[in-house]
Each structure stands twice: as C-alpha cells, then as structure tokens.
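Here are some notes to read with the structure open beside you. Please take the points in order, and look for each feature as it comes up.

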Amino acid sequence: MSRNSRRPRRCSAESSRRSDEAFVTGILTSENDFARALEWQLTDAPDYDTYLRETAELLADAFEAYATVRARMFHLDDFADYCLLHGLDPHEQAARDGYLVNPPLQTQLVGYRGEELADFVPRLVRAREGGLTLRHADLVTDGALCGAEQAAADPRVRWTYQQASEVFRRVLVGAGCGAYEFRVAVDAPGGPLEAAVRVLHWEDGAVRINDEDLDLVTAVLCAGLYGELPGAAVLHGTQGAGALCGEYRQVAWAWRSTGFDWTPAELAVDGVAAGPGFSLGTVV
C-alpha cells in the first residue's frame, strides 16, 4: 500500500503502459481497519471517507494506465503476522509490498474491472475468506491443491479434483435452469471447510458463476473426497425461466457425503434447511 494513494505505483519494470505492466494495491475495507492503520502510517488520508475517495481515484487512474490492476483486502492482523514471521518493520514500505504479493496469499488478489469501489470492496472481503479456505483445503490435500505443478504431478489429486468438478456439474445439470445458491461444508481437521456460490443457469444450458467462487467450491469438494471426510451440501433457489411461460418454483435440495460419494439427504447447511435432492448418479 502506497502512502501516497493518489499515485499509482508500477510493479514491474521495463514494460510499456497498457501492455504488460501490472499494478497491485491493498485496500482497507472498514473504518475500524482504517483507524488501526493510522498507527503504522499506512495512509495519509485524514479520515475514512477521504481514504475511500482517494482509493477510488487511484483504481480509476491505474485502470487507465496499466494492463492489469489487482487488489486485495489489507487485513491488519494478517499483515502483522506476516511482518512477525519475516522479521519486518510494519512501518516500512518494503514490508507492505512484500505482504501484498506474498505467494501463499496470491489467491486473495482480485482483478479490478473498473467497477465502483462500493461493489469492489465486498469482493475483496470474500476473496480473503475464500483464500483462507483454499489454504485450508490445500493442507487437507497434502499441499497439492494450490500448486498447479504439484497437482499435475499427483494423479490422485488430479483425479479427485475431476471427481469434485463432476459432482458440482451433476448438481447443476439435475437442477435445470434457474437462480440458485449452492452451499457445501466438509468436516475437516482444524475446523469445517465451507463454501457458497450463486449460480445463474440459463435455458440454453449456459451457467454463470464467479470464477473465484467456482474454484472455492470445487476445492472444498475435492478436499472432502481426497480426505474421505463427511460433508453436507444444499442447493436452494428458484427453478424455472421466463422461456417456460414464467413457470417458477422454490426448491431446496440437500445431499450428504460419507467421504466417498454424495447421496440425497434431509438436512440443513449454514441455516438453510432442505429436503433430499435428486440422485446424482442418475444425472448424465
């Protein structure tokens, strides 16, 4: 995080603007975090409203000047842990730069597409939460999930990831067109692994899902199958589409996993109760 938040900082050298340069920044996502950040002089803004205005200007300028613009939630506890682990002074710019591009936390970086800051900030918060879940899932899979080279070299992880993707595909195909939310929870060592994703399934079979949410759900399903861990999943929402003469109905389906496969069950996940879903084995 640059203390002068009005000036985009180049993160790569020997590049031409709007060609192959990348800009990376961290964003304080709450007024409480802003107040705490003043101790380390992470920003020159006098108040949080000014900080948000300057951050929006920074992103807009960077979006015009750089080929790639990415940001992450600047989480103060994570930053403090990073500095402690690496023996860095949190007041130093080098510590902030290292924290932003720390390889184990790359999954928390979110690409900026020119949207309003009010819409972008919630994505940063979800990305941090999702990044922590991905790291947890990676531990369950013996460190082979987040590293592409490791996963490619481990046939079991590669096969299990394909099986996890197939489970999710069959849930969506069986549900048909509609607007849904899918929630999954797996009982993993160190605490539950949880993920949720909103899905738009169009009449022509096209499915709209945020890439980061899809990666997270698949990782949780993969970790459950890899570790042979029990789990539960719920798909709920509105089934139907306008092309079907406005025929809509509310649905809530659930499945339980013993660690090996997913079967219909009546249960609740994260407060969402559902009846037994359809058999995934009947979906092609």
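1. What share of the contacts in the protein chain with a separation of 6 or more comes from residues 24 or more positions apart? In this model, which is predicted, such residues account for 62% of those contacts.

2. The protein chain has 284 residues, of which 47% count as buried, and its secondary structure comprises eight helices and eleven strands. About 14400 Å² of the protein chain is exposed, and carbon and sulfur atoms supply 51% of that area.

3. Please look next at the open sheet formed by three strands, which follow the order β1-β2-β3 with mixed pairing. The edges are taken by β1 (22-27) and β3 (110-111), and because each has a single partner strand, one side of each is left without a neighbour in the sheet. As background, the strands of a sheet pair through backbone hydrogen bonds, and they do so either parallel or antiparallel.

4. The pairing of β1 with β2 (residues 68-73) is parallel and is made by six bridges; one pair to find on the display is I27, whose bridge partner in β2 is M73. Helix α2 (residues 48-65) packs on the sheet, where it touches both β1 and β2, and the direction of α2 makes about 165° with that of β1.

5. Helix α7, which covers residues 155-175 and so has 21 residues, reaches 30 Å from its first C-alpha to its last, and this is close to the 30 Å expected at 1.5 Å a residue. The buried residues of α7 are V157, T160, A164, V167, F168, V171, L172 and A175. Because they cover an arc of only 125° around the axis, these residues lie on the same side of α7. On the other side of α7, by contrast, P155 and W159 are exposed. After α7 comes G176, a residue whose phi is positive, near 80°.

6. A last residue to examine is E194, which belongs to strand β5 (residues 193-201). Is E194 buried, exposed or partly exposed? The relative accessible area of E194 is 46%, and because this value falls between the 20% and 50% cut-offs, E194 counts as partly exposed. If neighbours within four places in sequence are left aside, E194 is in contact with T133, V184, A185 and V220. Of these, V220 is 26 residues from E194 along the chain, while the C-alpha atoms of E194 and V220 are separated by 6.8 Å.

Conventions
Residues are numbered from 1 along each chain as its sequence is written. This is a predicted model: local features need pLDDT of at least 70, side-chain atom pairs count only at pLDDT 80 or more; totals for chains, interfaces and linings use all residues. Side-chain values use heavy atoms; hydrogens and water are left out. Helices (H or I, at least four residues) and strands (E, at least two) are DSSP runs, numbered from the N terminus. The expected span of a helix is 1.5 Å times one less than its number of residues. Buried means under 20% relative accessible area, exposed over 50%, partly exposed in between (1.4 Å probe, protein chains only). The arc is that of the directions from the helix axis to the C-beta atoms. Two strands pair if DSSP finds at least two bridges between them. Contact means heavy atoms within 4.5 Å. Axes are lines fitted to C-alpha atoms, for helices over the stretch in contact, and angles run from 0 to 180 degrees between N-to-C directions. Accessible areas come from the Shrake-Rupley method with a 1.4 Å probe; for residues, only the protein chains shown count as cover.
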